[in-house]
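Colleague: Please take me closely through one part of this model, beginning with how its strands are paired. I should then like to see that part set against the rest of the chain.

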Amino acid sequence: MSENFNSNKPKMNMPRPSLTWLYVIIALVIGYLYLTGEEGSGSKEVTYTEFQQMVSNGYASRIVAYDDNSIEMYIQPEHIVDVFKKDASKVGRSPFVKVQGGSMEALEKFLDQEQKDGHFTGSLSYKKQGNYLGMIFWNIFPIFLLVGLWMFIMRRMGGGAGPGGAANVFSVGKSRAQLFEKGAANKITFKDVAGQAAAKQEVQEIVDFLKQPQKYTELGGKIPKGALLVGPPGTGKTLLAKAVAGEADVPFFSMSGSDFVEMFVGVGASRVRDLFRQAKEKAPCIIFIDEIDAVGRARGKNASMGGNDERESTLNQLLTEMDGFGSNSGVIILAATNRVDILDKALLRAGRFDRQIYVDLPDLNERKEVFGVHLRPLKLDDTVDVDLLARQTPGFSGADIANVCNEAALIAARHGQAAVGKTDFLAAIDRIVGGLEKKTKVMTADEKRAIALHEAGHATISWFLEHANPLIKVTIVPRGRALGAAWYLPEERQITTKEQMLDEMCATLGGRAAEEVFIGRISTGAMNDLERVTKQAYGMIAYAGMSDELPNLCYYSSSDEYMFNKPYSERTAERIDEEVGKMIAGQYARAKELLREHAAGHNQLAELLIEKEVIFAEDVERIFGKRPWTSRSEEIMAEEEKTTPALPDSSAASAPDTASEA
């Protein structure tokens with residue numbers, strides 16, 4: 001009965017009081033007091049005869065004559081009652097009477113006579129008649145200007161926050177979370193989140209508890225208070241959180257970690273309290289904090305701020321609200337970050353974020369599902385193969401795949417096509433990974449030949465190495481910052497062996513080796529290759545423990561955020577440098593040996609590259625024969641080539657982080 005009564009209770013939509021009228025009243029009162037304050041005075045109009053009589057009676061203290069023949073006579077304090085018939089407190093400190101006189105000569109004669117008779121002992125002064133309206137305007141205008149400026153600042157500081165749009169300075173501590181009520185029309189569900197089957201399975205338990213809490217509480221279980229979504233950028237952490245709210249059909253508070261932090265001390269903590277207060281009123285509900293690392297960094301890293309660090313105060317309040325003496329029954333916190341290593345340990349403990357859900361980059365099957373979602377709104381022709389697109393995009397996140405689909409639609413529209421085809425998607429992948437083609441860049445014949453020999457070196461060595469990535473195409477058309485590139489299709493590995501990494505290093509050094517062997521001089525075109533090889537060698541030796549001299553040692557520390565100190569001595573650093581140099585030199589010598597062994601085929605490949613500018617794996621196969629080792633990726637590619645026609649030069653498949661700068 002009580003629930004029905006409350007639900008039928010009429011709601012009163014009373015207008016919220018506006019502070020604008022209060023500001024206007026204050027301004028009017030200030031203006032009135034300014035005009036009628038201590039310096040203000042009462043006045044009275046009299047005839048010239050009455051004026052002469054008052055002077056003769058000794059009422060005048062001083063007289064002011066104006067150039068328009070008007071006269072003001074100020075009254076002696078003891079005679080104010082005689083003239084105005086009022087107490088002096090009601091007419092001001094300097095009351096006067098106004099009179100319109102004749103000529104100034106007549107006035108002077110009259111006052112001279114009154115002075116001789118002893119009736120007038122004051123002074124006579126002459127003034128020009130002022131513009132009273134202008135005086136009033138310039139006296140009041142600054143007041144209104146200050147009041148208006150104050151109102152503007154108050155509104156800006158309020159930021160329009162609070163219900164009803166009431167904007168004032170007191171709303172600065174209110175939560176800025178965006179609320180999505182239950183039953184929203186355009187809610188997101190798990191059907192809109194492609195891939196991420198493991199992550200969806202973990203958050204499904206949260207959804208089940210919000211729908212059927214008694215199923216778990218009957219056995220004495222407790223709902224996890226929080227879940228932290230961790231993963232690389234673009235993998236769909238925010239989308240997954242929205243899908244949880246949509247599936248559970250509960251109120252959903254969404255905000256960013258940076259929304260808590262403000263320049264005013266205590267504002268962040270106030271916003272945290274207000275957010276959880278609203279959430280308790282809407283329980284059961286979900287609070288989602290995106291990029292929580294903005295407020296959840298480990299405390300004590302910035303000692304210069306002392307105890308007045310606003311971010312730390314906000315984090316302390318967040319920790320208290322998530323698991324303190326208060327109860328947050330029915331409020332579940334979801335958060336997302338791609339920098340979990342810098343979060344405070346107190347935030348990650350059980351009872352606050354009970355579980356961490358890793359949202360990884362999608363694998364082959366998951367990329368098929370993601371493509372299926374983003375291909376729905378596009379007009380496609382019969383040549384589009386989702387399986388091929390998924391294989392051509394290893395390492396792509398969900399956001400990258402969405403960008404590929406959008407870029408393909410733009411390319412098709414640019415060419416005036418009625419539908420988006422396979423070539424458009426492959427050109428979009430090339431565009432995103434390597435950059436825009438720059439066929440108009442001017443190069444000399446020697447530069448073009450050097451680039452062709454460089455890229456042919458990559459292709460030749462990768463063809464004869466067992467663990468090198470399968471070659472897709474080689475181009476000397478400038479794209480982005482690269483003057484040429486060799487495109488590969490890397491296999492998706494969970495672990496990588498030392499032999500695989502050494503083969504990749506040797507193939508990467510093939511360009512520089514080809515320059516030295518066949519040109520006799522080296523250039524700056526291998527700068528990108530050398531950077532990648534050097535980082536890879538240091539990683540193998542200092543982190544992966546793949547050195548012969550320093551085996552099974554890892555000097556990487558994930559807990560030291562700023563890496564102030566090296567975890568090894570100077571002598572060890574010298575040994576690491578020596579091992580890196582020895583490893584790279586060994587693979588460089590190996591690359592030169594392979595190139596000398598296959599010099600004839602390399603030269604044919606370079607000449608073909610100069611002629612066509614873009615060559616494919618089948619061209620390399622015609623020169624060198626079938627590759628000695630065939631990977632699973634190459635088998636799939638061979639099957640695909642049997643069922644699909646050859647692609648034009650601008651639409652060859654590509655893969656991320658495999659283009660080598662020439």
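Modeller: In strand β4, the bridge partner of Ser43 is Phe96. The model is a predicted one, in which local features need pLDDT of at least 70 and side-chain atom pairs count only at pLDDT 80 or more, whereas totals for chains, interfaces and linings use all residues. Residues are numbered from 1 along each chain as its sequence is written, and side-chain values use heavy atoms, with hydrogens and water left out.

Ser43 belongs to β1 (residues 43-45), which runs parallel to β4 (residues 96-100) and is joined to β4 by three bridges. Strands (E, at least two residues) and helices (H or I, at least four) are DSSP runs numbered from the N terminus, and two strands pair if DSSP finds at least two bridges between them. Phe96 is also the bridge partner of Tyr74. Tyr74 lies in strand β3 (residues 70-75), and β3 pairs with β4 in the antiparallel sense over five bridges. Phe96 of β4 is thus a bridge partner of Ser43 and of Tyr74.

Helix α3 (residues 48-56) packs here too. Phe51, Met54 and Val55 of α3 are buried, that is, under 20% relative accessible area, with exposed meaning over 50% and partly exposed in between (1.4 Å probe, protein chains only). Seen down the axis of α3, these buried residues fall within an arc of 100 degrees, so they line one face of the helix; the arc is that of the directions from the helix axis to the C-beta atoms. They pack against β2 (60-66), β3, α4 (80-84), β4 and α5 (104-117), where contact means heavy atoms within 4.5 Å. β3 and β4, which pair with each other, are thus among the elements met by the buried residues of α3. After α3 comes Gly58, whose phi is positive, near 85 degrees.

A second sheet can be set beside this part. Three strands form an open sheet in the order β13-β12-β14, with antiparallel pairing. β13 (485-488) and β14 (614-616) stand at the edges with a single partner strand each, so one side of each is left without a neighbour in the sheet. On average, neighbouring strands of this sheet are turned by 15 degrees against each other, direction ignored; axes are lines fitted to C-alpha atoms, for helices over the stretch in contact, and angles run from 0 to 180 degrees between N-to-C directions. Strand β12 (residues 471-475) runs antiparallel to β14 and is joined to β14 by three bridges. Within that pairing, Lys473 has Phe616 of β14 as its bridge partner. Helix α23 (residues 617-624) packs on the sheet, touching β12 and β14, and its direction makes about 70 degrees with that of β14.

Lys473 also meets Asp430 in a salt bridge through their side chains (3.1 Å, N to O); the term denotes a side-chain nitrogen of Lys or Arg within 4 Å of a carboxyl oxygen of Asp or Glu. This pair links distant parts of the chain, with Asp430 in helix α16 (residues 422-434) and Lys473 in β12, 43 residues apart. Both partners lie under cover: Asp430 is buried at 0% relative accessibility, and Lys473 is buried at 1%.

Another salt bridge joins Glu613 to Lys448, with the closest N and O atoms 3.3 Å apart. Glu613 sits in the loop between α22 (599-612) and β14, while Lys448 is in helix α17 (residues 445-464), 165 residues apart, and the pair again links distant parts of the chain. Here Glu613 is partly exposed at 28% relative accessibility, as is Lys448 at 23%.

A third salt bridge pairs Lys582 with Glu579, whose closest N and O atoms are 3.4 Å apart. Both lie in helix α21 (residues 570-597), three residues apart, about one turn of the helix. Lys582 is exposed, at 52%, whereas Glu579 is buried, at 8%. Elsewhere, salt bridges that share partners join Asp274, Arg277 and Glu281 into one network. The structure holds 14 salt bridges.

As for the whole, the protein chain contains 24 helices and 14 strands. Of its 662 residues, 43% are buried. Among contacts between residues at least 6 apart in sequence, 76% join residues at least 24 apart.
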